[in-house]
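Me: I have a structure open that I haven't looked at before. Can you walk me through it?

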Amino acid sequence: MHTTVRGFKDILPPDSYKMSFVENVAKEVFERFNYKEIRIPTVEYYDLFIKTTGETTDIVEKEMYKFEDQSKRVLALRPEGTPGVARTYINNKLNLKGENTKYFYIGNMFRAERPQAGRYREFEQIGAECIGVSSPYADAEVIIMLDMILKKIGIRSYSIEINSLGCNECRKKYREILINYLKNLYLCDICKTRLERNPLRVIDCKTDRDKFKDVPSIELCNDCRKHYETLKNVLTQSNISFNENPLLVRGLDYYTKTVFEIWSGSNEGKKNSLGGGGRYDNLIEMIGGEKTPAIGFGLGMDRLVIEMKKVNAKLYKEPKPRVFLAQLGELAKKKSLKIFSELEKNGILVAESFGRGSLKSQMRIADKLGVEITLIIGQKEALDGTIIVRDMMSGTQEIVTWEKLVSLVKKMLKAPIVIKK
Ligand code: AMP
């Protein structure tokens, strides 16, 4: 009798349906934030992961499914999606294909980890990558999307852990401080070998984490500190709770500035990572592209389904957003996040695109989504505390104060829908 290979699994109903449900919810959320689907190959050159994920990471050192094909090419089954997306961004010159370079993917990843509950050798990840935007609003956007996906699939109990790893300059200084501190601790054999090569990875060691509790935190340069502070402010304004965790370094080499992870909170003591990500401003340049800032995340589908079962989450169909929020300029972007969460809190589903983009391109998206109302906030409105409310059926618009916005939108959405000619 044949069995599945250790670490690989069949996914049967109803779990297979739960997975499709999560995929659909995620797609709807991505659509609202104007992320486009991308499909990348399962197999890449092994070398791509050495250069990106990093030679001294667990994934590359111990867990890669590496093989030689008939033509003696050294290949690997992808252990994660970001390197492939970065490669395709360069290969296909996606930077030249219009202003929107926000992508999402859904696909299986392979890591030869020691199998246990919630840890498989083939698992599915939903990932999003926002490429070409250095602003901390992009960091906030991806975290807001993650939070939204989790809430919509019925998972309520989790924590969002965030940290900043700074830029190359901050890290150079931190490296010395860290080595000096860590060399006085009792380290496991692997960490001893990593201490000089990659001291940040030592803090990520899974054995006896208590010994790291007094590790000095990274000192950020002005630019990195400002970035991190803005991110925290925007998350707070958007009603996203988070926990600052100076020991969160993530396992991979390419991160700069913001890193984050979502931990399940439903089982006391042991916290499972449901997803994680961060900014990777150097990665695209490292593999031959132009210097391009970027941020992204990977969310583990298998673990989400386990969590949904634990909390007995119900599957429901998400209604389509009827309002689009367009914004122009940094200040407007900041204010629009607050307005966005205010509307959502009042049960009004809003689509938007916090990224770059002219008003014209944002209006095009609003049109495509078929929303009934578009809200427009520019620099002037952001300063005045007002917003333009455009009725997409009649084309008429009026300016209202933020205080009056929710009740006006509610009133307009209740009015009978006129079919557009
Ligand atoms: P990582 O890039 O390692 O942080 O992974 C992102 C997410 O993918 C994790 O938070 C998990 O939800 C999921 N994941 C990673 N490795 C595995 C695995 N071996 N089995 C199942 N899910 C995984």
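Me: Which backbone atom is 2.8 Å from a nitrogen atom of the ligand?
Reply: A polar backbone atom of Tyr120. The pair counts as a polar contact, meaning N or O atoms within 3.5 Å. This is a predicted model, where local features need pLDDT of at least 70 and side-chain atom pairs count only at pLDDT 80 or more, while totals for chains, interfaces and linings use all residues. Residues are numbered from 1 along each chain as its sequence is written, and side-chain values use heavy atoms, with hydrogens and water left out.

Me: What do oxygen atoms of the ligand have as backbone partners?
Reply: A polar backbone atom of Leu274 is 2.9 Å from one oxygen atom of the ligand. For Gly300, a backbone N or O atom lies 3.4 Å from an oxygen atom of the ligand.

Me: How much of the ligand's accessible area does the protein cover?
Reply: 91% of the 480 Å² that the ligand has on its own. The areas come from the Shrake-Rupley method with a 1.4 Å probe.

Me: How many residues surround it?
Reply: 14, and Arg111, Glu113, Tyr120, Arg250 and Ser273 are the closest. A residue is near the ligand if one of its heavy atoms lies within 4 Å of it.

Me: Which strand gives the most to that shell?
Reply: S10, with 3 residues. Strand S6 (122-131), strand S10 (273-279) and strand S11 (294-300) each supply at least two. Strands here are DSSP runs of E with at least two residues, and helices are runs of H or I with at least four, numbered from the N terminus.

Me: New topic. What is the order of the 3-stranded open sheet?
Reply: S2-S4-S3, with antiparallel pairing. Strands pair if DSSP finds at least two bridges between them.

Me: Why is one side of S2 and of S3 left without a neighbour?
Reply: Strand S2 (43-45) and strand S3 (65-68) stand at the edges and each has a single partner strand, so one side of each has no neighbour in the sheet.

Me: Which residue of S4 is the bridge partner of Glu68?
Reply: Val74. S3 and strand S4 (residues 74-77) pair over 4 bridges.

Me: What is the order of the sheet with 5 strands?
Reply: S13-S12-S14-S15-S16, an open sheet with mixed pairing. Strand S15 (residues 386-391) and S16 pair in the antiparallel sense over 5 bridges, and Val389 has Glu398 in S16 as its bridge partner.

Definitions and conventions
A polar contact is a pair of N or O atoms within 3.5 Å; within protein, one must be able to donate a hydrogen and the other to accept it, and residues adjacent in sequence count only if both atoms are side-chain atoms.
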